[in-house]
Amino acid sequence: MPRIKGFDEIELEIASHKGKIAVDEWANFSRIFVDIYQKNRSELTQLLEEPSKNDKLSMELFQNVRPPIIKNMYTNEVLRSIFNYLSSLSSLVDVGLRLTRNYSDAQMEEYDKHKAVIVNSDINAFFGKLRNYIQHYGIPPIGWVTHLNEDKPNDCTYFLSKDKLLGWNEWGSKAKSYVLKGDVDLLESIRTHGKMIDEAYGTLLRLSSSIHSADMDEVNILIRRRNDILSGKIPIVDIDD
């Protein structure tokens with residue numbers, strides 16, 4: 001079966017080049033950060049915001065006259081979204097740790113400053129432990145506080161009960177400190193923690209281009225040569241296997 005002389009060899013050289021391998025690893029990390037974690041977070045925050053934009057929904061959460069069909073459907077969607085969000089957060093952290101182990105402290109200096117802020121925070125410990133709470137203890141103790149308004153949409157706050165959360169004794173000191181502050185406003189907590197995550201991992205992604213610029217220059221030379229073979233700029237010679 002005929003093949004193009006040099007083409008398979010250059011394809012293999014591109015695929016095995018350390019710059020191409022690194023770019024693929026960073027691309028996978030970016031997918032988990034942007035396309036999975038951030039999208040799951042956006043979906044959850046939109047669900048939590050919806051009752052404060054939709055009076056019909058907020059009244060269904062508030063009323064106790066009719067069967068709570070809509071309330072239960074909505075609550076189940078929130079719970080599903082919480083599970084997805086916490087799972088994607090855990091995956092993001094794990095992949096980030098594996099990725100950054102390949103680099104020196106000097107290369108990671110700017111990122112490590114943001115990472116230290118996250119690691120040392122009570123709120124980060126809380127979200128890490130909340131996933132364990134769900135896996136080993138039970139469904140989050142959810143509730144709503146609804147303030148009815150006449151001249152604007154009702155204000156609704158989704159919270160996790162402090163007293164019920166404290167029924168689990170595996171929080172650890174940092175996460176417990178966060179819970180002890182009071183019932184957890186889930187939407188506000190997600191926004192606060194999400195901003196910290198975005199600053200840290202956004203910084204990390206920006207570092208990749210400078211760290212691997214020389215490697216990618218080498219890969220791009222190989223890619224241009226491959227493209228020249230395919231376009232006919234470099235004469236094509238068929239050879240037998």
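**Core, pocket and selected residues of a predicted model**

The protein chain holds 10 helices and 5 strands. The model is predicted, and every value below was computed from it. Of the 241 residues in the chain, 37% count as buried. The chain exposes about 14,000 Å², and carbon and sulfur atoms supply 52% of that area. Turning to contacts between residues at least 6 apart in sequence, 77% of them join residues that are at least 24 apart.

A good place to begin is the interior. The largest nonpolar core contains 53 residues, and those with the most contacts inside it are Phe-126, Phe-127, Tyr-158 and Trp-171. Two or more residues are given to this core by each of α2 (18-49), α3 (55-62), α4 (69-100), α5 (109-119), α6 (122-136), β3 (155-160), α8 (173-180) and α9 (186-211). Tyr-158 offers a helpful view of how parts of the chain come together. When neighbours within four places in sequence are left aside, Tyr-158 is in contact with Leu-48, with Val-78, Leu-79 and Ile-82, with Ile-142, Gly-143 and Trp-144, and with Val-184, Asp-185, Leu-186 and Leu-187.

Helix α6 deserves a closer look. This helix has 15 residues and reaches 21 Å from its first C-alpha to its last, close to the 21 Å expected at 1.5 Å a residue. Its buried residues are Ile-123, Ala-125, Phe-126, Phe-127, Leu-130, Tyr-133 and Ile-134; of these, Phe-126 and Phe-127 have already been met among the residues with the most contacts inside the largest nonpolar core. The cover over the buried residues of α6 includes the helices α4, α7 (162-165), α8 and α9, together with the strands β3 and β4 (184-185).

Asn-132 also lies in helix α6. Because its relative accessible area is 26%, Asn-132 is partly exposed. Beyond residues up to four places away in sequence, Asn-132 touches Tyr-137 and Trp-168. Asn-132 and Glu-170 are 38 residues apart in sequence, yet their C-alpha atoms are 8.7 Å apart in space.

Attention can now move to the open space in the model. The largest pocket has a volume of about 440 Å³. Two or more residues of its lining come from each of α4, α5, α6 and α9. The lining is made up of 21 residues, and Leu-89, Val-93, Asn-124, Gly-128 and Tyr-201 lie nearest the centre of the pocket. Helix α4 supplies the largest share of this lining, with 7 residues. Helices α4, α5, α6 and α9 thus appear both here and in the list of elements that give two or more residues to the largest nonpolar core.

Two residues of helix α4 help to place it beside another stretch of the chain. Ile-70 is found in this helix, as is Lys-71. Ile-70 counts as partly exposed because its relative accessibility is 41%. Lys-71 is likewise partly exposed, at 32% relative accessibility. With neighbours within four places in sequence left aside, Ile-70 is in contact with Leu-57 and Glu-60. Under the matching exclusion, Lys-71 touches Glu-60 and Leu-61. Glu-60 therefore appears in the contacts of Ile-70 and in those of Lys-71. The C-alpha atoms of Ile-70 and Glu-60 are separated by 6.5 Å, with the two residues 10 apart along the chain. For Lys-71 and Leu-57, which are 14 residues apart along the chain, the C-alpha separation is 7.9 Å.

Ser-58 is found in helix α3. Is this residue buried or exposed? Ser-58 is buried because its relative accessible area is 0%, and the limit for burial is under 20%. Apart from neighbours within four places in sequence, Ser-58 is in contact with Pro-51, Thr-146, Asn-154 and Cys-156.

Notes
Residues are numbered from 1 along each chain as its sequence is written. This is a predicted model: local features need pLDDT of at least 70, side-chain atom pairs count only at pLDDT 80 or more; totals for chains, interfaces and linings use all residues. Side-chain values use heavy atoms; hydrogens and water are left out. A nonpolar core is a set of buried Ala, Val, Leu, Ile, Met, Phe, Trp, Tyr and Cys residues joined through side-chain atoms within 4.5 Å. Buried means under 20% relative accessible area, exposed over 50%, partly exposed in between (1.4 Å probe, protein chains only). Helices (H or I, at least four residues) and strands (E, at least two) are DSSP runs, numbered from the N terminus. Contact means heavy atoms within 4.5 Å. Accessible areas come from the Shrake-Rupley method with a 1.4 Å probe; for residues, only the protein chains shown count as cover. The expected span of a helix is 1.5 Å times one less than its number of residues. On a 1 Å grid over the protein atoms alone, a cavity is a set of points where a 1.4 Å probe fits but cannot get out, and a pocket is an open set with protein on both sides within 12 Å along at least five of seven lines; lining residues have an atom within 4 Å of a point. Grid points are joined across faces, edges and corners, and a volume is the space filled by probe spheres set on the points.
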